[in-house]
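Work through the exercises below with the sequence and the structure open. Try each task before reading its solution.

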Amino acid sequence: MSDYFSDGVSRRAFARDIGVDEKTVRNLISKGILTTDSNQQISLSQGRKAYNTYKKKQEQASEKIEKISKKVGADLNGKNSQDFKKLLTSWLEGIDSNPGQVLNSAKAYLTALQVQEQKMKVDEMEKRLIPVERINRDAEEAGSLIRSKLITIPSRVATICEGRTARDIEEIIDTEINKALEELQKLFV
């Protein structure tokens, strides 16, 4: 704190001069970005310079975060986009209070995504991952096969069941269903 600034102005006047509210000026003083003299006055020239430097750093950090968020967004490719939007919002909310920490968080997140992407590529190369398309195709084929086996049961057993008791019919149907399932099991194992 200096004795007196020759161009000292009140917090309110300085806030008006730079186009912010008085609370913002108080926060900048508490962070050490702006200084006051013994009369709690802010040097207009030094204050403007310090504020402009602060804003420039904020803008640079915002630009870096924007670049990282675009890269991360591209890396996500639609995956977990809601989680990413929440994370991005928290970064942008914290940019004023601690741009360095926000930037480091964004970089760490991007690095984690890149590591995850590389791991998935290795897993895919080593055949530890199965493409979703293949799983869907196999499931469709299995479903069709099961349906075709089960749908033929009524026509096969209808004549056999004629004139039988309910208990006999249950056993016949049970036996046919088990045969169909055993045949299917042999196909899938």
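**Exercise 1: Arg11 and its surroundings**

Setting aside neighbours up to four places away in sequence, Arg11 is in contact with Glu22, Val25, Arg26, Ile29, Gln40 and Ile42. The model is a predicted one.

Task: State where Arg11 lies, classify its exposure, and describe one of its contact partners, Gln40.

Solution.

Step 1. Arg11 belongs to helix H1, which covers residues 11–18.

Step 2. The relative accessible area of Arg11 is 24%. Buried means under 20% and exposed means over 50%, so a value in between counts as partly exposed. Arg11 is therefore partly exposed.

Step 3. For a distance, take Lys23, which is twelve residues from Arg11 along the chain. The C-alpha atoms of Arg11 and Lys23 are separated by 9.0 Å.

Step 4. Gln40, one of the contacts of Arg11, is located in the loop between helix H2 (22–30) and strand S2 (42–43). Gln40 is not a glycine, yet it has a positive phi of about 65°. With a relative accessibility of 35%, Gln40 is partly exposed.

**Exercise 2: An aromatic pair**

Task: Which residues form the aromatic pair, and how are their rings arranged?

Solution.

Step 1. The count comes to one aromatic pair. Tyr51 and Tyr54 form this pair, with 6.4 Å from centre to centre and 35° between the planes.

Step 2. Planes under 30 degrees apart count as stacked and those over 60 as edge-to-face, so the rest are tilted. At 35°, the pair of Tyr51 and Tyr54 is tilted.

Step 3. Both residues lie in helix H3 (residues 44–76). Tyr51 and Tyr54 are three residues apart, about one turn of the helix.

Step 4. Tyr51 and Tyr54 are both buried. For Tyr54 the relative accessible area is 15%, which is why it is classed as buried.

**Exercise 3: Two residues of helix H3**

Task: List the contacts of Tyr54 and of Gln58, leaving out residues up to four places away in sequence, and find a partner named for both.

Solution.

Step 1. Tyr54 is in contact with Leu28, Lys31, Ile33 and Asp96.

Step 2. Gln58, also placed in helix H3, touches Ile95, Asp96 and Pro99.

Step 3. Asp96 appears in both lists.

Step 4. Gln58 has a relative accessibility of 4%, so it counts as buried.

Step 5. As a distance, consider Tyr54 and Leu34, 20 residues apart along the chain. Their C-alpha atoms are separated by 9.7 Å.

**Exercise 4: The two sides of helix H7**

Task: Which residues of helix H7 are buried, and which exposed residues are carried by the face turned away from them?

Solution.

Step 1. Helix H7 spans residues 153–161, and its buried residues are Ile153, Val157 and Cys161.

Step 2. These residues cover an arc of only 45° around the axis, so they are on the same side of H7.

Step 3. On the face turned away from the buried side, H7 carries the exposed residues Ser155 and Thr159.

Step 4. Just after H7 comes Gly163, which has a positive phi of about 80°.

**Exercise 5: A nonpolar surface patch**

Task: Name the residues of the nonpolar surface patch and state which helix gives the most to it.

Solution.

Step 1. Ile146, Leu150, Ile173, Ile177 and Leu181 make a nonpolar surface patch of about 350 Å².

Step 2. At least two residues of the patch come from each of helix H6 (132–151) and helix H8 (166–188).

Step 3. Helix H8 gives the most, with three residues.

Step 4. Leu181 is found in helix H8. Its relative accessibility is 41%, so Leu181 counts as partly exposed.

**Exercise 6: The whole protein**

Task: How many helices and strands are there, and what fraction of residues is buried?

Solution.

Step 1. The protein has eight helices and two strands. Along the sequence the pattern is β-α-α-β-α-α-α-α-α-α.

Step 2. Of the 189 residues, 23% are buried.

Step 3. Among contacts with a separation of 6 or more, 62% join residues 24 or more positions apart.

Step 4. The protein exposes about 13,600 Å², and carbon and sulfur atoms supply 52% of this area.

Notes
Residues are numbered from 1 along each chain as its sequence is written. This is a predicted model: local features need pLDDT of at least 70, side-chain atom pairs count only at pLDDT 80 or more; totals for chains, interfaces and linings use all residues. Side-chain values use heavy atoms; hydrogens and water are left out. Rings of Phe, Tyr and Trp (its six-membered ring) pair if their centres lie within 6.5 Å; planes under 30 degrees apart count as stacked, over 60 as edge-to-face and the rest as tilted. Helices (H or I, at least four residues) and strands (E, at least two) are DSSP runs, numbered from the N terminus. Buried means under 20% relative accessible area, exposed over 50%, partly exposed in between (1.4 Å probe, protein chains only). Contact means heavy atoms within 4.5 Å. Accessible areas come from the Shrake-Rupley method with a 1.4 Å probe; for residues, only the protein chains shown count as cover. The arc is that of the directions from the helix axis to the C-beta atoms. Patches are made of residues with over 30% relative accessible area and no salt bridge: like charges are joined within 9 Å, nonpolar side chains (Val, Leu, Ile, Met, Phe, Trp, Tyr) within 5 Å. A salt bridge is a side-chain nitrogen of Lys or Arg within 4 Å of a carboxyl oxygen of Asp or Glu.
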